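Reader: I'd love a close look at one part of this protein, the strands and what packs around them. Could you walk me through it slowly, as you would at the bench?

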Amino acid sequence: MRAVGLAATAAYLPDRWMTAADVAAASGIPENVIVEKFGLRGKHIAAPDEHVSDLAVRAAERLLSEAVVDPESIDVVLYYGSTWKDYAVWQAAPWIAHRLGCSRAYAVEYDNVSMGTPVALRAARALLVAEPEWKTALVVAASRESYLLDYANERSRFMFNFGDGAVAGLLIAEADTNLLLASHAITDGSFALQVKVPAGGSVDPPSLESVRARRHYLDVADPSAMKNGLDDVSLANFVAAARGALERSGLALEDISYVCGIHMKRSMHDAIVDALGVEAERVSYLDDTGHMSGVDPLLGLDRAVRAGDVADGDVVLLLAAGTGYTWAATALRWGHPT
């Protein structure tokens, strides 16, 4: 099987930063709760005219410039960010590829939610393995879901950490460094209808009534049922996804060197760290960005690499979960294989 490596990463965050105090003022939740329980010091907010495609292009342009890559050499552009994009029924990938100058690229869409990074890397790796004429894949993700928040809706309060940003990654076939290993995912569809924007689809088409009722913002159908259900399975499924990816890679939990996950409340983050047996300083925590749909794990890796926190030979676990509900993990061996 062809070896596929993650050759480069880059990120883009909008200039505006919404502080924990700002979130507290908008929501009525005390600032200390936002900081200590939500684990949020602040988050970036896109400009009104800054859309998902714009965010993704900014991150990808930075990657192509830093890695000195000719856009015309890219074989695949895969968008895997938020499902809420510039237009309601529309593919972002072709437009992103065109704007970047990736004129030869096959543009494919994997617009998804918070489990995006591990599954997108799995999908892009599979494309490069299956198609021998393809050598490079550019994966891009963006989120602008801060604009889907209704801070007056207490049912959606666990999503008040949602912020905006983008990330990009370059995958290379026949690589000998930063090798993508195996992946694993678990889906429990019983949670599928809990988190959604209720109006705007075919079940509840847009109308004057739906706008007046504020049904075009993120909502939770039954917060108590969702919380109780997830409390029973979420930690175990995070660990099972991690263990599955590692075992398929010929590794174990004890081999993890660094974990890049999604932003979540501090208590769940700490529980995952303990369950995986990883030192807290070896796990990314994005308390200055909040949660950005599929962006988080690759942003965490980009930051860790730039800070020198990931060394040659380290096993990095990209771990995520998203409404639907899916828990997913992908492992990679940073640097040269040992």
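Author: Happy to. Let's begin with a term: a crossover is called right-handed if, with the strands pointing away from the viewer, the path from the first strand over the helix to the second runs clockwise. In this model, which is predicted, strand S4, helix H4 (residues 93–100) and strand S5 make a right-handed β-α-β unit of that kind.

Strand S4 is a good place to start. S4 spans residues 76–79, and both of its faces are covered. In a regular strand the side chains alternate between the two faces of the sheet. In S4, Val76 and Leu78 sit on one side, Val77 and Tyr79 sit on the other, and all of them are buried.

S4 has a partner in S5 (residues 106–109), and these two strands pair in the parallel sense over four bridges. If you want a spot to click on, Val77 stands opposite Ala107 in S5. S4 also pairs with strand S6 (residues 136–144), again in the parallel sense and over four bridges. Here the residue to find is Val76, which stands opposite Ala137 in S6.

Now follow the helix of that unit outward. H4 packs against helix H3 (residues 52–67), with the axes 10 Å apart and an angle of about 45 degrees between them. That angle makes H3 oblique to H4. The crossing of H3 past H4 is right-handed. On the H3 side, the residues that take part are Ser53, Asp54, Ala56, Val57, Ala60, Glu61 and Leu64, and they meet Trp95, Ile96, Arg99 and Leu100 in H4.

Back to the strands, and on to S13 (residues 326–333). Eight of its eight residues are buried, so S13 is largely enclosed by the rest of the structure. Both faces of S13 are covered: one side carries Thr326, Ala328, Thr330 and Leu332, and the other carries Trp327, Ala329, Ala331 and Arg333. Notice that Arg333 and Thr326 are in the buried set along with Leu332 and Trp327.

S13 has antiparallel partners. Strand S12 (residues 315–322) pairs with S13 in the antiparallel sense over eight bridges, and Ala320 has Ala328 as its bridge partner in S13. The hairpin of S12 and S13 has three residues between the strands, and there Gly324 takes a positive phi near 150 degrees. Strand S8 (residues 179–187) also runs antiparallel to S13, joined by seven bridges. One pair to look for is Leu179 with its bridge partner Arg333 in S13.

A single residue helps tie these strands to a helix. Leu121 lies in helix H5 (residues 116–130). Leu121 has a relative accessible area of 2%, so this leucine counts as buried. Setting aside its neighbours within four places in sequence, Leu121 is in contact with Val139, Leu171, Leu180, Leu318 and Thr330. Thr330 is one of the residues of S13 named above. Leu121 and Ala182 are 61 residues apart in sequence, and their C-alpha atoms are 9.8 Å apart in space.

Two loop residues deserve a look as well. Asp150 is found in the loop between S6 and strand S7 (164–173). You may wonder whether this aspartate is buried or exposed. The cut-off for buried is under 20% relative accessible area, and Asp150, at 10%, is therefore buried. Asp150 is in contact with Ser156, Phe160, Arg214 and Tyr217, leaving aside neighbours within four places in sequence. Arg214 is 64 residues away along the chain from Asp150, with 8.2 Å between their C-alpha atoms.

The other loop residue is Met292, between helix H8 (266–276) and helix H9 (296–306). With a relative accessibility of 0%, Met292 counts as buried. Beyond its neighbours within four places in sequence, Met292 is in contact with Leu13, Ser143, Gly163, Asp164, Gly165 and Leu299. Asn161 lies 131 residues from Met292 in sequence, yet the C-alpha atoms of the two are 8.6 Å apart.

H8 itself brings us to one last packing pair. The axes of helix H7 (residues 223–248) and H8 come within 10 Å and cross at roughly 45 degrees. That makes H7 oblique to H8, and the crossing is right-handed. In this pair, Ser234, Leu235, Phe238, Val239 and Ala242 in H7 meet Met268, Ala271, Ile272, Ala275 and Leu276 in H8.

Methods
Residues are numbered from 1 along each chain as its sequence is written. This is a predicted model: local features need pLDDT of at least 70, side-chain atom pairs count only at pLDDT 80 or more; totals for chains, interfaces and linings use all residues. Side-chain values use heavy atoms; hydrogens and water are left out. Buried means under 20% relative accessible area, exposed over 50%, partly exposed in between (1.4 Å probe, protein chains only). Contact means heavy atoms within 4.5 Å. Two strands pair if DSSP finds at least two bridges between them. Axes are lines fitted to C-alpha atoms, for helices over the stretch in contact, and angles run from 0 to 180 degrees between N-to-C directions. Angles under 35 degrees count as roughly parallel, over 145 as roughly antiparallel, 65 to 115 as roughly perpendicular and the rest as oblique. A crossing is left-handed if the near helix is turned anticlockwise from the far one by less than a right angle, and right-handed if clockwise.
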